[in-house]
Amino acid sequence: MAAETFRLQKVLETFRSSLSENKEVYVKYYIAGWQELVTFMNSLGSVFSFISKDVVSKIQIIENFLSGENGSHYATIQSMVTYELENDLVDLTKRGSHPESGCRTLLRLHRALHWLELFLERLRTSTEDSKTSVMCSDAYNESLAQHHPWLIRKAVGMAFCALPGRDTFFEVMNAGDHTQVVALLGESLPLIAEVYQITEDLYANNNLLELP
Ligand SMILES: CCCCCCCC/C=C\CCCCCCCC(=O)N[C@@H](COP(=O)(O)O)[C@H](O)/C=C/CCCCCCCCCCCCC
(Lines give C-alpha, C1' and ligand atoms only; values in the text may rest on other atoms or scores of the structure.)
Protein backbone atom coordinates (compact mmCIF):
# COMPACT_ATOMS: atom_id res chain seq x y z
CA MET A 1 0.00 0.00 0.00
CA ALA A 2 1.37 3.45 -0.90
CA ALA A 3 2.36 5.67 2.04
CA GLU A 4 -0.15 8.43 2.76
CA THR A 5 0.95 11.85 1.55
CA PHE A 6 0.84 14.77 3.93
CA ARG A 7 -0.85 17.99 2.84
CA LEU A 8 -0.93 21.10 5.02
CA GLN A 9 -4.34 21.86 3.49
CA LYS A 10 -5.76 18.71 5.11
CA VAL A 11 -4.62 19.87 8.55
CA LEU A 12 -6.36 23.18 7.96
CA GLU A 13 -9.54 21.40 6.84
CA THR A 14 -9.67 19.03 9.81
CA PHE A 15 -9.13 21.76 12.39
CA ARG A 16 -11.73 23.90 10.62
CA SER A 17 -14.19 21.00 10.71
CA SER A 18 -13.50 20.48 14.40
CA LEU A 19 -15.24 23.74 15.34
CA SER A 20 -19.01 23.60 15.65
CA GLU A 21 -21.23 26.65 15.08
CA ASN A 22 -21.52 27.23 18.81
CA LYS A 23 -17.77 26.83 19.24
CA GLU A 24 -17.65 23.33 20.59
CA VAL A 25 -14.77 21.12 19.42
CA TYR A 26 -15.61 17.86 17.65
CA VAL A 27 -13.32 15.12 18.98
CA LYS A 28 -13.48 13.16 15.71
CA TYR A 29 -11.93 16.00 13.70
CA TYR A 30 -9.55 17.03 16.47
CA ILE A 31 -7.93 13.61 16.42
CA ALA A 32 -8.09 13.51 12.61
CA GLY A 33 -5.97 16.68 12.67
CA TRP A 34 -3.46 14.90 14.90
CA GLN A 35 -3.47 11.89 12.61
CA GLU A 36 -2.45 14.19 9.73
CA LEU A 37 0.39 15.61 11.82
CA VAL A 38 1.59 12.09 12.57
CA THR A 39 1.75 11.46 8.80
CA PHE A 40 3.97 14.53 8.53
CA MET A 41 6.23 13.38 11.34
CA ASN A 42 6.53 9.87 9.92
CA SER A 43 7.81 11.32 6.68
CA LEU A 44 10.70 12.91 8.59
CA GLY A 45 12.29 9.59 9.52
CA SER A 46 12.49 6.97 12.26
CA VAL A 47 14.28 9.24 14.74
CA PHE A 48 10.85 10.76 15.46
CA SER A 49 9.05 7.45 15.86
CA PHE A 50 9.12 7.55 19.70
CA ILE A 51 7.17 10.81 19.43
CA SER A 52 4.69 9.63 16.81
CA LYS A 53 4.11 6.36 18.73
CA ASP A 54 3.06 8.38 21.77
CA VAL A 55 0.68 10.50 19.71
CA VAL A 56 -0.75 7.43 17.94
CA SER A 57 -1.40 5.68 21.25
CA LYS A 58 -3.22 8.74 22.56
CA ILE A 59 -5.28 9.00 19.37
CA GLN A 60 -6.13 5.31 19.79
CA ILE A 61 -7.31 5.74 23.39
CA ILE A 62 -9.65 8.55 22.33
CA GLU A 63 -10.84 6.64 19.24
CA ASN A 64 -11.73 3.71 21.49
CA PHE A 65 -13.92 5.97 23.62
CA LEU A 66 -15.53 7.42 20.50
CA SER A 67 -16.41 4.04 19.06
CA GLY A 68 -17.35 2.51 22.41
CA GLU A 69 -20.80 2.13 23.96
CA ASN A 70 -20.65 5.62 25.46
CA GLY A 71 -19.29 7.11 22.23
CA SER A 72 -22.01 9.74 21.92
CA HIS A 73 -20.69 11.43 25.08
CA TYR A 74 -17.36 11.85 23.33
CA ALA A 75 -18.72 13.76 20.33
CA THR A 76 -17.24 17.06 21.51
CA ILE A 77 -14.53 17.93 24.02
CA GLN A 78 -17.22 19.77 25.99
CA SER A 79 -19.53 16.74 26.19
CA MET A 80 -16.57 14.48 27.06
CA VAL A 81 -15.57 16.71 29.99
CA THR A 82 -19.15 16.88 31.30
CA TYR A 83 -19.68 13.13 30.96
CA GLU A 84 -16.39 12.03 32.52
CA LEU A 85 -16.63 14.50 35.42
CA GLU A 86 -20.27 13.73 36.20
CA ASN A 87 -19.48 10.01 36.25
CA ASP A 88 -16.21 10.24 38.24
CA LEU A 89 -14.22 8.86 35.33
CA VAL A 90 -11.21 11.14 35.75
CA ASP A 91 -8.25 10.76 38.13
CA LEU A 92 -8.06 14.35 39.32
CA THR A 93 -5.07 14.47 41.64
CA LYS A 94 -3.16 11.22 41.34
CA ARG A 95 -3.28 8.28 39.01
CA GLY A 96 -5.79 5.72 40.22
CA SER A 97 -8.60 3.75 38.67
CA HIS A 98 -8.88 5.93 35.53
CA PRO A 99 -5.29 6.41 34.36
CA GLU A 100 -6.28 6.85 30.72
CA SER A 101 -9.41 8.99 30.85
CA GLY A 102 -10.42 10.94 27.76
CA CYS A 103 -9.83 14.23 29.62
CA ARG A 104 -6.29 13.30 30.67
CA THR A 105 -5.34 11.85 27.29
CA LEU A 106 -6.66 14.82 25.34
CA LEU A 107 -4.86 17.19 27.71
CA ARG A 108 -1.52 15.76 26.50
CA LEU A 109 -2.47 16.50 22.88
CA HIS A 110 -3.83 19.89 23.89
CA ARG A 111 -0.47 20.87 25.40
CA ALA A 112 1.23 19.69 22.23
CA LEU A 113 -1.15 21.82 20.17
CA HIS A 114 0.29 24.85 21.94
CA TRP A 115 3.76 23.76 20.86
CA LEU A 116 2.48 23.39 17.29
CA GLU A 117 0.96 26.87 17.30
CA LEU A 118 4.19 28.45 18.57
CA PHE A 119 6.32 26.48 16.14
CA LEU A 120 4.16 27.20 13.07
CA GLU A 121 4.09 30.90 13.89
CA ARG A 122 7.90 30.89 13.98
CA LEU A 123 8.00 28.99 10.71
CA ARG A 124 5.52 31.39 9.10
CA THR A 125 7.62 34.43 10.00
CA SER A 126 11.01 32.76 9.46
CA THR A 127 13.66 33.82 6.99
CA GLU A 128 15.90 31.75 4.71
CA ASP A 129 18.61 31.40 7.33
CA SER A 130 16.26 30.41 10.18
CA LYS A 131 16.91 26.95 11.60
CA THR A 132 13.98 24.55 12.11
CA SER A 133 15.79 22.92 15.07
CA VAL A 134 16.01 26.29 16.86
CA MET A 135 12.39 27.23 16.05
CA CYS A 136 11.22 23.81 17.21
CA SER A 137 13.16 23.80 20.44
CA ASP A 138 12.29 27.42 21.33
CA ALA A 139 8.60 26.56 20.87
CA TYR A 140 9.10 23.35 22.89
CA ASN A 141 10.83 25.16 25.78
CA GLU A 142 7.99 27.67 25.91
CA SER A 143 5.29 25.02 26.06
CA LEU A 144 5.61 21.25 26.39
CA ALA A 145 9.01 21.09 28.06
CA GLN A 146 7.64 22.17 31.45
CA HIS A 147 5.43 19.04 31.45
CA HIS A 148 8.20 16.59 30.52
CA PRO A 149 10.82 14.98 32.76
CA TRP A 150 14.54 15.44 32.11
CA LEU A 151 14.97 12.20 30.14
CA ILE A 152 12.22 13.04 27.65
CA ARG A 153 13.53 16.61 27.27
CA LYS A 154 16.98 15.21 26.45
CA ALA A 155 15.60 12.71 23.90
CA VAL A 156 13.47 15.42 22.31
CA GLY A 157 16.46 17.77 22.17
CA MET A 158 18.45 15.12 20.28
CA ALA A 159 15.57 14.48 17.87
CA PHE A 160 15.40 18.22 17.08
CA CYS A 161 19.01 18.07 15.85
CA ALA A 162 17.89 15.57 13.19
CA LEU A 163 15.21 17.88 11.80
CA PRO A 164 15.51 18.73 8.12
CA GLY A 165 16.05 22.33 7.07
CA ARG A 166 13.39 24.93 6.39
CA ASP A 167 13.26 24.26 2.62
CA THR A 168 12.55 20.55 3.15
CA PHE A 169 9.91 21.40 5.73
CA PHE A 170 8.14 23.69 3.28
CA GLU A 171 8.36 21.02 0.59
CA VAL A 172 6.93 18.24 2.80
CA MET A 173 4.02 20.50 3.68
CA ASN A 174 2.97 20.00 0.10
CA ALA A 175 1.17 23.32 -0.31
CA GLY A 176 2.96 24.94 -3.24
CA ASP A 177 5.84 27.40 -3.22
CA HIS A 178 7.10 29.20 -0.11
CA THR A 179 4.69 32.12 -0.53
CA GLN A 180 1.74 29.75 -0.76
CA VAL A 181 2.88 27.78 2.30
CA VAL A 182 3.27 30.99 4.29
CA ALA A 183 -0.22 32.10 3.21
CA LEU A 184 -1.73 28.75 4.19
CA LEU A 185 0.04 28.87 7.54
CA GLY A 186 -1.45 32.32 8.03
CA GLU A 187 -4.89 30.84 7.37
CA SER A 188 -4.34 27.76 9.59
CA LEU A 189 -2.85 29.44 12.63
CA PRO A 190 -5.93 31.40 13.79
CA LEU A 191 -7.97 28.19 13.59
CA ILE A 192 -5.44 26.18 15.58
CA ALA A 193 -5.22 29.05 18.08
CA GLU A 194 -9.00 29.16 18.43
CA VAL A 195 -9.31 25.41 19.00
CA TYR A 196 -6.47 25.65 21.52
CA GLN A 197 -8.04 28.57 23.40
CA ILE A 198 -11.52 27.03 23.58
CA THR A 199 -10.03 23.84 25.02
CA GLU A 200 -7.74 25.76 27.38
CA ASP A 201 -10.69 27.78 28.78
CA LEU A 202 -12.81 24.66 29.17
CA TYR A 203 -10.06 22.81 31.03
CA ALA A 204 -9.21 25.85 33.16
CA ASN A 205 -12.86 26.38 34.14
CA ASN A 206 -13.04 22.76 35.27
CA ASN A 207 -9.62 22.70 36.99
CA LEU A 208 -8.35 20.06 34.61
CA LEU A 209 -5.11 21.63 33.42
CA GLU A 210 -2.86 19.59 35.74
CA LEU A 211 -4.39 16.14 35.40
CA PRO A 212 -1.84 13.47 36.40
C1 LIG B 1 1.77 21.55 9.80
C2 LIG B 1 2.95 20.70 9.72
C3 LIG B 1 4.20 21.21 10.26
C4 LIG B 1 4.59 20.78 11.57
C5 LIG B 1 4.28 19.36 11.80
C6 LIG B 1 4.69 18.90 13.07
C7 LIG B 1 4.16 17.56 13.31
C8 LIG B 1 4.12 17.31 14.72
C9 LIG B 1 3.39 16.14 15.13
C10 LIG B 1 3.35 15.85 16.41
C11 LIG B 1 3.98 16.74 17.41
C12 LIG B 1 4.37 16.14 18.65
C13 LIG B 1 3.29 15.86 19.59
C14 LIG B 1 3.82 15.39 20.87
C15 LIG B 1 2.77 14.94 21.80
C16 LIG B 1 3.35 14.72 23.14
C17 LIG B 1 2.35 14.32 24.15
C18 LIG B 1 3.08 14.19 25.46
O19 LIG B 1 3.43 15.19 26.06
N20 LIG B 1 3.36 12.97 25.89
C21 LIG B 1 4.16 12.73 27.06
C22 LIG B 1 3.30 12.63 28.28
O23 LIG B 1 2.38 11.58 28.12
P24 LIG B 1 2.07 10.64 29.35
O25 LIG B 1 3.34 9.90 29.66
O26 LIG B 1 1.68 11.53 30.48
O27 LIG B 1 0.98 9.73 28.87
C28 LIG B 1 5.01 11.51 26.85
O29 LIG B 1 5.72 11.17 28.00
C30 LIG B 1 5.93 11.86 25.73
C31 LIG B 1 6.53 11.06 24.98
C32 LIG B 1 7.32 11.41 23.75
C33 LIG B 1 7.91 12.76 23.61
C34 LIG B 1 7.04 13.83 23.11
C35 LIG B 1 7.83 14.98 22.64
C36 LIG B 1 7.11 16.10 22.06
C37 LIG B 1 7.99 16.97 21.25
C38 LIG B 1 7.26 17.97 20.44
C39 LIG B 1 7.98 18.34 19.24
C40 LIG B 1 7.90 17.36 18.13
C41 LIG B 1 8.71 17.75 16.96
C42 LIG B 1 8.36 17.05 15.74
C43 LIG B 1 9.04 17.59 14.57
C44 LIG B 1 8.24 17.96 13.44
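# Reading salt bridges, ligand contacts and backbone angles

Guide: Start with Glu187. It counts as partly exposed, at 41% relative accessibility. Keep in mind that this is a predicted model.

Visitor: Which side chain meets Glu187 in a salt bridge?

Guide: Look for a Lys or Arg nitrogen within 4 Å of a carboxyl oxygen. Here the partner is Arg16, with N to O at 3.2 Å. Arg16 is also partly exposed, at 40% relative accessibility.

Visitor: Which parts does the pair of Glu187 and Arg16 tie together?

Guide: Check the element of each residue. Glu187 lies in helix H9, residues 178-205, and Arg16 in helix H1, residues 8-17. The pair therefore ties together parts that are 171 residues apart in sequence.

Visitor: How many salt bridges does the count come to?

Guide: The count is six. Two others sit inside single helices, as follows. Lys58 and Asp54 meet with N to O at 2.8 Å. Both lie in helix H3, residues 49-67, four residues apart. That spacing is about one turn of the helix. Arg124 and Glu121 form another salt bridge, their closest N and O atoms 3.0 Å apart. These two are three residues apart in helix H5, residues 102-124, again about one helical turn.

Visitor: Lys58 and Asp54: buried or partly exposed?

Guide: Compare each value with the limit. Buried means under 20% relative accessible area. Lys58 has 11%, so it counts as buried. Asp54 has 37%, so it is partly exposed. In the H5 pair, Arg124 at 30% is partly exposed. Glu121, at 32%, is partly exposed too.

Visitor: Which residues come nearest to the ligand?

Guide: There are 25 residues around the ligand. Asp54, Lys58, Arg104, Arg108 and His148 come nearest. Asp54 and Lys58 are thus salt-bridge partners as well as ligand neighbours.

Visitor: Which ligand atoms do the polar side-chain atoms of Asp54, Arg104 and His148 lie beside?

Guide: Pair the atoms by element, then read the distance. An N or O atom in the side chain of Asp54 is 2.8 Å from a nitrogen atom of the ligand. Arg104 places a polar side-chain atom 2.8 Å from a ligand oxygen. For His148, a polar side-chain atom is 2.7 Å from an oxygen atom of the ligand.

Visitor: How much of the ligand's area does the protein bury?

Guide: Take the ligand alone as the reference. It then exposes 960 Å². The protein buries 91% of that.

Visitor: What is His114 in contact with, beyond its neighbours within four places in sequence?

Guide: Set the sequence neighbours aside and list the rest. His114 is in contact with Glu142, Ser143 and Tyr196. Its place is in helix H5. His114 is partly exposed, with a relative accessible area of 23%. Now take a C-alpha distance. His114 and Glu200 are 86 residues apart along the chain, yet their C-alpha atoms are separated by 9.7 Å.

Visitor: Where is Asn174, and what is its phi?

Guide: Read the sign of phi, then the residue type. Asn174 has a positive phi of about 60°, although it is not a glycine. It sits in the loop between helix H8, residues 166-173, and H9. At 36% relative accessibility, Asn174 counts as partly exposed.

Visitor: And Asn207: where is it, and what is its phi?

Guide: Asn207 is not a glycine either, and its phi is positive, about 55°. Its place is in the segment after H9. Exposed means over 50% relative accessible area. Asn207 is at 68%, so it counts as exposed.

Technical notes: Residues are numbered from 1 along each chain as its sequence is written. This is a predicted model: local features need pLDDT of at least 70, side-chain atom pairs count only at pLDDT 80 or more; totals for chains, interfaces and linings use all residues. Side-chain values use heavy atoms; hydrogens and water are left out. Buried means under 20% relative accessible area, exposed over 50%, partly exposed in between (1.4 Å probe, protein chains only). Contact means heavy atoms within 4.5 Å. A residue is near a molecule or strand if one of its heavy atoms lies within 4 Å of it. A polar contact is a pair of N or O atoms within 3.5 Å; within protein, one must be able to donate a hydrogen and the other to accept it, and residues adjacent in sequence count only if both atoms are side-chain atoms. Accessible areas come from the Shrake-Rupley method with a 1.4 Å probe; for residues, only the protein chains shown count as cover.
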